[in-house]
Amino acid sequence: MKRVLGVIGSPRKLGNCELTVKEIAARLSGPASLSMVRLVDKDIRPCKACYRCLMGECPIEDDFRMVLDAIASADGVIVAAPVYLLGAHSSLQRFLDRGLQFWKRLDDLAGKPAVGVALAGVRDGEGAALLGVENFIRAMGMEVKGRAVIHAALPGEALLSEEGKVTAARMANALFSPEAPQAEDPSCTECGGTYFEFRGGNRVFCLLCGAGGSVSPDGGTIRLATRPPAHSWRGPAARKAHGEWLIGMKEKYLRERERLKEVARVYAGGDFI
Ligand SMILES: Cc1cc2nc3c(=O)[nH]c(=O)nc-3n(C[C@H](O)[C@H](O)[C@H](O)COP(=O)(O)O)c2cc1C
């Protein structure tokens, strides 16, 4: 029996995200149990940037650890978030903001299969939401086995449309599939991401992994070539190295804090509302 966790990034009860998560779980081919977490119902407070979690425990006592434990102990994860103002619902990012703690759970999270869906009420209204959903999965080191946008505005519409049903079936097939997800063409040659910023000329920058590269015409299509980013945290080894780098930065701060404070002192004060 696979234990599946549905992560719902919508405040709407029985809304499109919740229905989509349940529909994907219902369509899984093998025996599975589904439990869910509605992120907005959890007390997930903002990271204070104290960096204490790097060497000890996070001082914030809220539901973050409970949710992370639930993700870490699931066999597979379904993430669904609504598009709000062209981005994924902020509850996803709010959780991710506490993510310096992920690197201590690398072994529990690495490679865990997950699928992500963004629910958009407007055709072509999804903006960068799927990037946010995919980043939520990848930032924890899980594997994106499938991702999709479903267009549905009113609660329930997600399952009325052919798009919704076909997508739910596709996500269900992908979640525990032994096959690696097929790379899309074109996609980042470093991470498989398909979200880019154009940086002048033919230069592109992958928004998921930071790889820089170039695009060039290739017959009727384009060829994309990216090279590894200067600082990577994709893959278990890179993530471990990133955690160690963060600890090094904390040590550097402790050594240099008097000098840094001197710079900041000049800017002390100001009117805050
Ligand atoms: C505050 C707010 C902002 C929204 N912004 C967008 C948007 O930018 N693009 C879009 O396609 N849909 C947008 N929607 C519509 C929702 O994404 C859509 O209705 C979705 O199906 C909601 O999922 P849910 O039922 O699980 O909450 C917005 C909805 C709300 C409440």
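This briefing walks through the ligand site and the enclosed space in this structure. Keep in mind that the model is predicted. The ligand has 17 residues around it, and the protein buries 76% of the 650 Å² that the ligand exposes when taken alone. Elsewhere in the briefing you'll meet a cavity, the one hit of 30 Å³ or more in a search of the whole structure.

**Who sits around the ligand**
- S10, R12, C17, V83 and A152 are the residues that come nearest to the ligand.
- If you sort the shell by character, you get 11 nonpolar residues, 5 polar ones and 1 charged one.

**Polar contacts from the backbone**
- G121 has a backbone N or O atom 3.0 Å from a nitrogen atom of the ligand.
- G125 also offers a polar backbone atom, which lies 2.9 Å from a nitrogen atom of the ligand.
- With A153, the ligand's partner atom is an oxygen, and a polar backbone atom of A153 is 2.9 Å away from it.

**Which elements build the shell**
- Two or more residues of the shell come from each of α1 (16–26), β3 (76–84) and β5 (113–120).
- β3 gives the largest share, with 3 residues.

**The cavity**
- The largest cavity has a volume of about 100 Å³.
- Its lining includes C47, C50, C53 and C58, along with K48, A49, Y51, P59 and I60.
- R98, L100 and Q101 are also among the residues that line the largest cavity.
- By character, the lining of the largest cavity splits into 9 nonpolar, 1 polar and 2 charged residues.

Conventions. Residues numbered from 1 in each chain as written. Predicted model: local features only at pLDDT ≥ 70, side-chain atom pairs only at ≥ 80, totals over all residues. Heavy atoms only, no water. Near = heavy atom within 4 Å. Polar contact = N/O pair within 3.5 Å; in protein donor to acceptor, adjacent residues only side chain to side chain. Areas by Shrake-Rupley, 256 points an atom, 1.4 Å probe, with all protein chains shown as cover. Helix = DSSP H or I, 4+ residues; strand = E, 2+ residues; numbered from the N terminus. Nonpolar A, V, L, I, M, F, W, Y, C, P; charged D, E, K, R; others polar. 1 Å grid on protein atoms, 1.4 Å probe; cavity = no way out; pocket = protein on both sides within 12 Å on 5 of 7 lines; lining within 4 Å. Points joined across faces, edges and corners; volume = space filled by probe spheres on them.
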